[in-house]
Amino acid sequence: MKILITGGTGFIGKNLVESIPVRADVFDRRQDLAHLVHIGDYDIIIHLAANPLVKTDDKDSLYNSNVKMVLDILQNRKKDSHLIFASSATVYGDWVNSTEESPTIPSSPYGFSKLASEALIQMYGGNYTILRFCANVGR
């Protein structure tokens, strides 16, 4: 089984790479993924890479780093691969009192970029898991 982790040197990715008991290929920069011509070889893709600036208004950067990268993965992955996508509780807007059943009403460009990525994943279908992280803390 071949596993790809994007964003593997970020906060969550670094901890994941250190804790999983199997070997995974790790990519952490957009240009690395763009040159990854064999993305279709992977059975599991854990997509953690993103523009982490929740408060940015740079919509072009958010599109390229978040939405476009998801689209690239969806268009090039194996049809039977499993995509695990790191989304964000920012898709709820005021996520403090939100549950999984709460309506998605992003209040920031970052939240919209994550929600758009989720919509693309659902549109393409296949095997996927979407995780909505919030308030990540740790070492």
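Trainee: Where along the chain is the place of Asn51?

Mentor: Heads-up before we dig in: this is a predicted model, where local features need pLDDT of at least 70, side-chain atom pairs count only at pLDDT 80 or more, and totals for chains, interfaces and linings use all residues. Residues are numbered from 1 along each chain as its sequence is written, and side-chain values use heavy atoms, with hydrogens and water left out. Helices (H or I, at least four residues) and strands (E, at least two) are DSSP runs numbered from the N terminus. With those labels, Asn51 sits in the loop between strand 3 and helix 3.

Trainee: Is Asn51 buried or exposed?

Mentor: We go by relative accessible area: buried means under 20%, exposed over 50%, and partly exposed in between, using a 1.4 Å probe and protein chains only. Asn51 has a relative accessible area of 9%, so Asn51 is buried.

Trainee: Which residues is Asn51 in contact with, leaving aside neighbours within four places in sequence?

Mentor: Contact here means heavy atoms within 4.5 Å. One partner, Leu62, is 11 residues from Asn51 in sequence, with 6.1 Å between their C-alpha atoms. The full list for Asn51 is Thr56, Ser61, Leu62, Ser65, Asn66 and Tyr110.

Trainee: Zooming out, what pattern does the chain follow along the sequence?

Mentor: Count the pieces to begin with: the chain has four helices and five strands. Read along the sequence, they give β-α-β-α-β-α-β-α-β.

Trainee: What is the order of the strands in the open sheet?

Mentor: Two strands pair if DSSP finds at least two bridges between them. Strand 1 (residues 3–6) and strand 3 (residues 44–47) pair in the parallel sense over four bridges, with Ile5 of strand 1 partnered by Ile46 in strand 3. Strand 3 is also joined to strand 4 by four bridges, again running parallel; there, Ile44 has His82 as its bridge partner. Put the five strands together, and the order is 2-1-3-4-5.

Trainee: Which strands stand at the edges, and why is one side of each left without a neighbour in the sheet?

Mentor: Each edge strand has a single partner strand, so one side has no neighbour in the sheet. The two at the edges are strand 2 (25–27) and strand 5 (127–133).

Trainee: At what angle does helix 3 run to strand 3?

Mentor: Axes are lines fitted to C-alpha atoms, for helices over the stretch in contact, and the angles run from 0 to 180 degrees between N-to-C directions. Helix 3 (residues 59–76) lies across strand 3 and strand 4 (82–88). Its angle to strand 3 is about 175°.

Trainee: On which residue is the kink in helix 3 centred?

Mentor: The bend at a residue is the angle between axes fitted to the seven residues ending there and the seven starting there. In helix 3 the kink is about 35°, and its centre is Lys68.

Trainee: How far apart are the end C-alpha atoms of helix 4?

Mentor: The expected span of a helix is 1.5 Å times one less than its number of residues. Helix 4 has 16 residues, so it should span 22 Å. That agrees with the model, where the end C-alpha atoms are 23 Å apart.

Trainee: What do the buried residues of helix 4 pack against?

Mentor: The buried residues of helix 4 are Tyr110, Gly111, Ser113, Lys114, Ser117, Glu118, Leu120 and Ile121. Take Ser113, which counts as buried at 5% relative accessibility; not counting residues up to four places away, Ser113 touches Leu62, Asn66 and Val67. Those three are also among the buried residues of helix 3. As a group, the buried residues of helix 4 pack against helix 3, strand 4 and strand 5.

Trainee: And Phe112, what is its relative accessible area?

Mentor: Phe112 is found in helix 4 too. Its C-alpha atom is 9.3 Å from that of Gly93, 19 residues away along the chain. Phe112 counts as partly exposed, with a relative accessible area of 47%.

Trainee: Last one: what share of the 139 residues of the chain count as buried?

Mentor: Strand 4 is mostly covered, with five of its seven residues buried. Across the 139 residues of the chain, the buried share is 39%.
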